[in-house]
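Here is a quick tour for anyone meeting this chain for the first time. Have a look at the fold, then read on.

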Amino acid sequence: MMDRIPEAELMEDEEQVKAYAFADFSTAHNLFIETFQQKFSDINSSFNDVVLDLGCGPCDITRRFAQAYPDTGFHAVDGSEAMLNYAAGLNEQENLSHRIKLVQGCLPDIQLPQQFYHLIISNSLLHHLHDPFVLWETVQQHAKPYAHVFVMDLIRPVDEQTVKFLSGEHVKNEADQLKNDFENSLRAAFTLDEVRQQLDEKGLENLTVEPVSDRHMIIYGIL
Ligand SMILES: C[S@@+](CC[C@H](N)C(=O)[O-])C[C@H]1O[C@@H](n2cnc3c(N)ncnc32)[C@H](O)[C@@H]1O
């Protein structure tokens with residue numbers, strides 16, 4: 001099994017952020033929305049609450065979520081000012097700025113507009129965190145009783161050969177910047193067992209960890 005190689009937490013380099021903000025993530029991000037809908041059928045399209053999105057980046061997931069659940073609002077958090085600048089522009093283009101409040105802040109020290117949320121989502125933040133407990137503690141600090149939690153992230157492959165295989169399968173036609181980022185993210189990701197151990201340690205055993213593609217896992221449940 002390949003050891004984890006952490007990457008930088010925040011994505012702040014202008015070239016990297018631009019490549020990420022304009023990349024086509026429709027396959028992975030539609031998977032996020034579709035799997036959420038399957039797992040949380042009790043949340044229907046008339047759900048009308050403020051959703052907390054941790055590590056929102058350019059808000060592609062947030063906007064897809066906003067389209068699927070038209071009565072929701074969002075507090076979308078990221079530590080990178082550069083990412084939030086792209087998020088602001090793209091949200092404006094889709095006329096969603098009034099529903100998505102951007103919050104600049106670095107987990108675990110974030111100041112949120114409200115203390116507790118009924119729904120907390122996060123995509124591709126976990127593998128960026130040097131200390132993964134930062135995500136689980138933030139979830140615990142800001143969850144209402146019976147809050148719904150839905151996190152998706154990459155699964156670390158067993159070896160470098162598999163990293164290259166997945167890169168060839170999924171980002172073959174992308175710019176070098178994006179290919180490198182994807183490969184580094186795979187190397188920085190956790191395994192299913194590592195995430196299960198993290199949840200056990202934090203008393204979050206009622207969250208389920210499940211693979212949903214050759215490179216993604218979801219971590220979800222009701223607290
Ligand atoms: C790979 S991007 C994912 C963005 C978005 N969720 C998506 O799915 O497209 C990870 C984001 O997490 C942010 N991030 C990493 N560590 C963070 C921390 N400790 N606090 C806040 N944001 C963080 C990065 O700046 C980056 O924008």
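Before anything else, a word on strands: a strand here is a DSSP run of E with at least two residues, and strands are numbered from the N terminus. Ser122 sits in one of these, strand β4, which covers residues 117-123. Keep in mind that this is a predicted model.

**The whole chain**

Let's step back for a moment. The chain holds 8 helices and 7 strands. A compact globule of 223 residues would have a radius of gyration near 17 Å, and the chain agrees with that because its own value is 16 Å. Along its principal axes, the C-alpha trace spans about 45 × 40 × 30 Å. Buried residues account for 52% of the 223 residues. Among contacts with a separation of 6 or more, 76% join residues that are 24 or more positions apart.

As for the outside, the chain exposes about 10300 Å², and 47% of that comes from carbon and sulfur atoms. There are 36 negative side chains and 16 positive ones, with the centres of the two sets 3 Å apart.

**Back to Ser122**

Is Ser122 buried or exposed? Ser122 counts as buried, because its relative accessibility is 1% and the cut-off for buried is under 20%. Setting aside neighbours within four places in sequence, Ser122 is in contact with Phe32, Asp53, Leu54, Leu135, Phe150, Val151 and Met152. Val139 is 17 residues away from Ser122 along the chain, and their C-alpha atoms are separated by 10.0 Å.

**Two helices with two sides**

An α-helix has 3.6 residues a turn, so residues three or four places apart point the same way. Helix α8, residues 192-201, has Val195, Gln198 and Leu199 buried. These cover an arc of only 95° around the axis, so they fall on the same side of α8. Over on the other side of α8, you'll find Asp193, Gln197 and Glu201 exposed. And what do the buried residues of α8 pack against? They pack against α5 (133-142), β6 (208-211) and β7 (216-222).

Helix α6, residues 160-170, can be read in much this way too: Val163, Leu166 and Ser167 are buried. Their arc around the axis is only 105°, which puts them on the same side of α6. Gln161 and Phe165 are exposed, on the face turned away from the buried side of α6. The cover over the buried residues of α6 includes α7 (176-188).

**Backbone oddities**

A few spots in the backbone deserve a look, so to speak, and here are three positive phi angles side by side.

| Residue | Phi | Where |
|---|---|---|
| Ser124 | about 60° | loop between β4 and α5 |
| Tyr146 | about 65° | strand β5 (residues 143-154) |
| Gly203 | about 70° | just after α8 |

Ser124 takes its positive phi although it is not a glycine, and Tyr146 is not a glycine either. Tyr146 is also exposed, because its relative accessible area is 61% and exposed means over 50%.

Where does the chain have a cis peptide bond? The bond from Leu107 to Pro108 is cis, with omega near 10°. Pro108 belongs to the loop between β3 (100-104) and β4, and β4 is the strand that holds Ser122.

Methods. Residues numbered from 1 in each chain as written. Predicted model: local features only at pLDDT ≥ 70, side-chain atom pairs only at ≥ 80, totals over all residues. Heavy atoms only, no water. Helix = DSSP H or I, 4+ residues; strand = E, 2+ residues; numbered from the N terminus. Rg over C-alpha atoms; globule rule 2.2 N^0.38 Å. Buried < 20%, exposed > 50% of the residue type's maximum accessible area, 1.4 Å probe, protein only. Contact = heavy atoms within 4.5 Å. Areas by Shrake-Rupley, 256 points an atom, 1.4 Å probe, with all protein chains shown as cover. Lys, Arg positive; Asp, Glu negative; His and termini not counted. Charge placed at Lys NZ, Arg CZ, Asp CG, Glu CD. Arc of directions from axis to C-beta.
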